[in-house]
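Reader: Please take a close look at how the helices pack in this one. Then follow that packing to the ligand, and flag any odd backbone on the way.

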Amino acid sequence: MSFIDRHLGPRDTDLESMLSTVGYDSLGDLVDAVVPSSIRIDSALNLPEALSERDAQEKLAGYASQNIVKAQMIGAGYYDAITPPVLRRNILEAPGWYTSYTPYQAEISQGRLEALLNFQNTVMELTGLEVANASLLDESTAVAEAATMMKRSNRKVKNGKFAIDSRCLPQTLSVVRGRAEALGIDFVVTDFADGLPEGDLFGIILAYPGHDGEVRDIKPLVDEAKERNALVTVNADLLALTLLKSPGEMGADIVVGNTQRFGLPLWYGGPHAAYMAVHSGQQRNMPGRLVGVSQDATGRPGYRLALQTREQHIRREKATSNICTAQALLAITAGAYAVYHGPEGLKKIAETLHENASRVAVALSGAGLKLVHESFFDTVAFDVDGKADEYVKKASDAGINIRKINDDRISISVGESHDDTVLTALVEAFGGKLPESGKYEIASDLLRTDEYMQHPVFHLYRSETSMMRYLRQLSDKDLALDRTMIPLGSCTMKLNAAAEMEPISWPEFATIHPLAPADQTKGWKSLIDELSDWLVAITGYDAISLQPNSGASGEYAGLRAIRAYHEDNGDTQRSIVLIPMSAHGTNAASAALAGLDVAGVATAEDGSIDVEDLKAKIEKYGDKIAGIMITYPSTHGVFEDKVVEVCKLVHEAGGQVYVDGANLNAQMGLAQPGQFGGDVSHLNLHKTFSIPHGGGGPGVGPVAVGAHLEKYLPGDGYLANEEGKLEGAPLPISQAMFGSAGVLPITWMYIAMSGAEGLKSASEYAILNANYIARELGEKFPVLYTGPGGLVAHECILDLRELTAQSGVTAEDVCKRLMDYGFHAPTLAFPVPGTLMVEPTESESKAELDRFITAMSTIFDEIKYVADGNISVEDSVLRNAPHTVEVVSADEWDRKYPRSEAAFPVPSLHRNKYFTPIGRIDGANGDRNFVCECPPMEAFDIEVTEAS
Ligand SMILES: *Cc1c(COP(=O)(O)O)cnc(C)c1O
């Protein structure tokens, strides 16, 4: 059987009955009716023949073998760490973890929420601050987020600039520079050797340690900043903080950095989880997701995403940042690494790194190299009198990559995996001899003396058996794709095939440093070039950048390209982006980040863009229009015939067209945004192209452009010069040139195994499945928007508002009740409040769709029962959902419906039943009493009391 036959859910034998339900004779007829002919392409995509799983892996292995694996001592933000196999197998390679969705539905996400809370707690404990998020996209963007957060939150110094340490990573300086320039925020780069720079400062950013390894006492700078009312961000190495005095203790306001070295592979630059910690009281100002503790309907503690109402959809351009997809899976792994090693284990690792770096320092000083700093953590720098290239080559010949800082200076970063064999090879290559012990100590007044990570979770799981069981126990609490369809509209939760996933663990991909020399990364280059060509062929654009590590960062990159294009044409006044009201919240937030103003465009009665309103807006804003951002097919789940006209109108007004391509799933092989009028699009490889969601990341959001925008695609931030200028490309938007490169093999495999025909089939089956559900459920739950023939694209919005008016049962009640049926809820209240948006994807079988349809139909009857006055909504099985096993099996039962109806409303549940670990979470309580620390263990041992 071919791969695509495994990828698609419906069998050939199901087609006839599904099509007859939808009312068409063939899949081709259905698709012709759904996709407007004005945008339809008629030739096949220019892609190679589909390969079998085996052949595709073999071809990919050929690329992998072109990568050369060496000990990576380059540092600069990436360190050789050891991924404990128990974490690799039971998290990174475990579908229960990697196929789960962002934990918006708390009751089916308790496992991953606990795992993320462990990450937050690790960060809070090590940084010495009271609140941490989970997570940010990478270290460089985390520093940029901190800069804008200081700007937002400093009430004493409103104007002025910020000062950033020249000892931050070169990539970080580039990313921060790009962000600050886009927003017109003033800044200065300084090494703080003479204290703080002159002038009004709203904030400072200190490197701790610096990129060259030096550990300085930052306390005097923090004190001076406080005196001058500047806020203080410390860009810290989290592992170093197991030894060094915490920034919180020294008075820092914000601490940011990366957690790659907490057990994550290098992956040619990403994905890795960055962190941010702040003082309590600042949580509303903080970007990114935050797990908090609340309680369920029975008073039992439960976790949830805190402050959900400030989610990006709602805040739009007022959002704190455009972060939606973050790095959840990587944060979960880093948190588990902290749990597995515990404070004493982490400290031991850090001490070993320091001692080994110290031994290298002794050995190489002995060999005549000049040690630059005696105060360091894991990275030692040497002055080598113009011989940097020579030393880099000697090390490389010994199987080790080190860093050339400039012609005169090298640095060596010791990693967890570097044992004495590696260290000996290194120092001997330079004519030194590895001593038994080092002699450089970190000054005692820089060392921390407080206790950290005292919570039991950091002490209970030292044996592999207990760790394995803890991870299993957590993932058993959750619903992911390994148990049920996840019909989330706009999120495209399709199959993440095992054959696609396996290669990301191959050492030839996993252990390559992003700054390794080109002759060691030929395999990555081949893969990236080929994948770029394929994505260009699929979208109909001319060029693409794989750098953005989320859909939203793709938007930001694309909008920056539009802005730069106008500026080069002398159109500096073009600063307004038109965005339909129904757009994903990240669209407006990204526009704000790119320094553009947002103007709304109305939605017509049928859900399409209101062309009359668009014309009025064009009239109103004239040559101030930078462009429009449209989602296609629209977030309303239909292909709008008018899209060509919309693009034309905006082009005539001198604007550029941004087509949000997160929903490309129904278009592959059928239509191309680059051909029907788009100038730029981002794609979500973690939706359409099979990269799993990982509980909220990683993601890849490539930005594809027409030829006229190619030169505005982001460049490699590491290569910027002292003034922050890059040759031939604009500044980067992510830390690593290829963003989350480590997960690109997944998409490569998906396309290689699907081929042009397979991708087209995926689109067609996505359309079939969505229409099948729309037809089967449409009589009970009206489909809000449809296109020609009453058809939808790849998703449908079920309108519950009338039922809610009749019964009081809300769309949220339905989401919670679906959990009792073993389902993950559809997208709730987006893009229209009071509705559910259902996207089944092509990977779900007819049997699974029917199971969903049965559940929703039974729920409809339950709603009717309330509407008909048989029971009050408060007493109904819907409002009291979900039902835990404790509630259902309690000795007392005073509900107005039987236990069997609570737990087993349909017979299939007798074969396969999932119970949520907690009852309905109280969101408001969690936001009122904000707690983001792990609760004490005893909190879980309380008596269960019935909800009154
Ligand atoms: C998911 C999505 C985004 C945002 O993508 P992230 O990777 O979460 O940043 C943007 N637009 C649309 C239409 C989406 O569905």
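Author: Start with helices H19 and H25 in this predicted model. On the H19 side, the contact uses Trp524, Leu527, Ile528, Glu530, Leu531, Trp534, Leu535 and Ile538. On the H25 side, the partners are Leu744, Pro745, Thr747, Trp748, Ile751, Ala752 and Leu759. By class, this contact has 13 nonpolar residues, one polar and one charged. H19 covers residues 522-539, and H25 covers residues 744-777. Their axes are 10 Å apart, and the packing angle is about 40°. Angles under 35 degrees would count as roughly parallel. H19 is therefore oblique to H25. The crossing is left-handed.

Now move to H20. This helix packs with H9 and with H21, so take the two contacts in turn.

H9 spans residues 170-183. Its axis and that of H20 come within 12 Å, crossing at roughly 55°. That makes H9 oblique to H20. H9 passes H20 with a left-handed crossing. Gly178, Arg179 and Ala182 come from H9. Tyr556, Arg560 and Arg563 come from H20. The classes here are two nonpolar, one polar and three charged. Arginine appears on both sides: Arg179 in H9, and Arg560 and Arg563 in H20.

The other partner is H21, residues 585-593. H20 itself runs over residues 551-568. The two pack at about 45°, with axes 9 Å apart. That makes H20 oblique to H21. This crossing is right-handed. H20 brings Ala552, Glu555, Tyr556 and Leu559. H21 answers with Thr586, Asn587, Ser590, Ala591 and Leu593. The mix is five nonpolar, three polar and one charged. Look at Tyr556 again. It touches H21, and it also takes part in the contact with H9.

H20 leads on to the ligand. Residue 551 opens the range of H20. A polar backbone atom of that glycine 551 is 2.7 Å from a ligand oxygen. Two side chains add polar contacts. In aspartate 660, a polar side-chain atom sits 2.6 Å from a nitrogen of the ligand. In lysine 687, a side-chain N or O atom is 2.7 Å from a ligand oxygen. What surrounds the ligand as a whole, and which residues are closest? There are 16 residues around it. The closest are Thr325, Ser490, Asp660, His686 and Lys687.

Last, the backbone. Most residues other than glycine have a negative phi, and most peptide bonds are trans. Three places here are worth checking against that. Alanine 76 has a positive phi, near 55°. This alanine is in the loop that joins strand E1 (71-73) to helix H5 (85-92). The bond from glycine 270 to proline 271 is cis, with omega near 5°. Proline 271 belongs to the loop between strands E7 (254-258) and E8 (274-278). The bond from tyrosine 632 to proline 633 is also cis, and its omega is near -10°. Proline 633 falls in the loop between strand E18 (625-631) and helix H23 (643-652).

Conventions. Residues are numbered from 1 along each chain as its sequence is written. This is a predicted model: local features need pLDDT of at least 70, side-chain atom pairs count only at pLDDT 80 or more; totals for chains, interfaces and linings use all residues. Side-chain values use heavy atoms; hydrogens and water are left out. Axes are lines fitted to C-alpha atoms, for helices over the stretch in contact, and angles run from 0 to 180 degrees between N-to-C directions. Helices (H or I, at least four residues) and strands (E, at least two) are DSSP runs, numbered from the N terminus. Angles under 35 degrees count as roughly parallel, over 145 as roughly antiparallel, 65 to 115 as roughly perpendicular and the rest as oblique. A crossing is left-handed if the near helix is turned anticlockwise from the far one by less than a right angle, and right-handed if clockwise. Contact means heavy atoms within 4.5 Å. Ala, Val, Leu, Ile, Met, Phe, Trp, Tyr, Cys and Pro count as nonpolar, Asp, Glu, Lys and Arg as charged, and the others, Gly among them, as polar. A residue is near a molecule or strand if one of its heavy atoms lies within 4 Å of it. A polar contact is a pair of N or O atoms within 3.5 Å; within protein, one must be able to donate a hydrogen and the other to accept it, and residues adjacent in sequence count only if both atoms are side-chain atoms.
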